[in-house]
Amino acid sequence: LFRSWADDLRATGHPVIVFDAWENDIGDEAAVALMSSIKIELERWTSQLPSGKKFKQKAKAATSSAIRELRKAIIPTSKVIAAGVLKKATGIAVEEIFEAYTNAPTNPPKTLSDAASDTLECGLDELFKSSLEEHQKRGAAIRAFKTSISDLIQLLETEANANVPVFVFVDEVDRCRPTYAIKLLEEIKHIFGVPKICFVVSTNLDQLRESVRAIYGAGFDGHRYLKRFFDHQYTLPEPDNESFSAQLLSQESAIRADRTVNGLPARPGPSSLKKSIAVIA
């Protein structure tokens, strides 16, 4: 269904991305895999910009900016610098502190007692300050990322005749690891929530609710939590064989014929090719 819907939208000039979440469930950063798929489609449209360098350079700059800001948003440097800050201030590595607590939780060694001095407090203060600054930078990076993506879409709309919104189909979310599935939805909502991008998620909500409970606990209201991510929800009906057969037998159908032999036993009442195909199906 997704593939056919995507083909229809492409035929009407919409940029379309089909992202198989299960296929990309190979790492911890869901946003990286998703951005990779989006980047490929937007670059395909960028190639359709007028041949002059001006527009293509603007598109390239917007793409580079988006990638750079996304990196800042999803890979905070605080974890990288944390150990260095504490080591520089106290002379003791974070791993040494954790190891000391693990090996002697009731009687910390003298080195740990020494570390719990004004020097250690100073190091922890610096670490906390750097974490606060990193959080502020992350928020700014997310806003800058959204601006860069919006600028690129606007350029493609005005100069490459792209119809908006850009559609991103996300499939097979319920088959992913619970941690990956939830992180993907959270990053779609908080990082990729950009005007003129429409996300369509195909999933089994019952199964996804179980994934939420696996992360947040059995008593967690997974249904209420998931409703925050979706503006609209549609449930596809069970397929009806006779209706499907009628579609197969449209006027343009290659199997439509006035005289057919279906090989089925004769039945009382009206018989038709449509009913025969439905029975076989």
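Start on the surface: select Ile-215, Tyr-216 and Phe-220, and you have a nonpolar patch of about 240 Å². Keep in mind as you click around that this is a predicted model.

Next, hold on to Phe-220 and show the backbone around it. You're in the loop between α9 (205-216) and α10 (222-227). How exposed is Phe-220 here? Its relative accessible area is 30%, so it counts as partly exposed, since that label covers the range between the 20% and 50% cut-offs.

Now add Tyr-225 and draw the two ring centres. Phe-220 and Tyr-225 make an edge-to-face pair, with 5.6 Å from centre to centre and 70° between the planes. Colour by accessibility and Tyr-225 comes out as buried, at 7%. So this pair joins a partly exposed ring to a buried one.

Stay on Tyr-225 and bring in Phe-229. Which way do these two rings meet? Edge-to-face again, because the planes sit at 80°, with the centres 5.1 Å apart. Both Tyr-225 and Phe-229 are buried.

Before leaving Phe-229, select Arg-228 as well. The charged end of Arg-228 sits over the Phe-229 ring, 5.6 Å from the ring centre.

Time to zoom out a little. Put Tyr-216 back in the selection along with Phe-220, Tyr-225 and Phe-229: ring pairs link these four into a cluster. Two of them, Tyr-216 and Phe-220, you already met in the surface patch with Ile-215.

Last stop, the whole structure: show every aromatic ring and look for pairs. A full search turns up eight of them, including the Phe-220 and Tyr-225 pair you looked at earlier.

How values were computed: Residues numbered from 1 in each chain as written. Predicted model: local features only at pLDDT ≥ 70, side-chain atom pairs only at ≥ 80, totals over all residues. Heavy atoms only, no water. Phe/Tyr/Trp six-rings, centres within 6.5 Å; stacked < 30°, edge-to-face > 60°. Buried < 20%, exposed > 50% of the residue type's maximum accessible area, 1.4 Å probe, protein only. Lys NZ or Arg CZ within 6 Å of the ring centre and 35° of its normal. Patch = residues over 30% accessible without salt bridge, like charges linked within 9 Å, V, L, I, M, F, W, Y side chains within 5 Å. Areas by Shrake-Rupley, 256 points an atom, 1.4 Å probe, with all protein chains shown as cover. Salt bridge = Lys/Arg side-chain N within 4 Å of Asp/Glu carboxyl O. Helix = DSSP H or I, 4+ residues; strand = E, 2+ residues; numbered from the N terminus.
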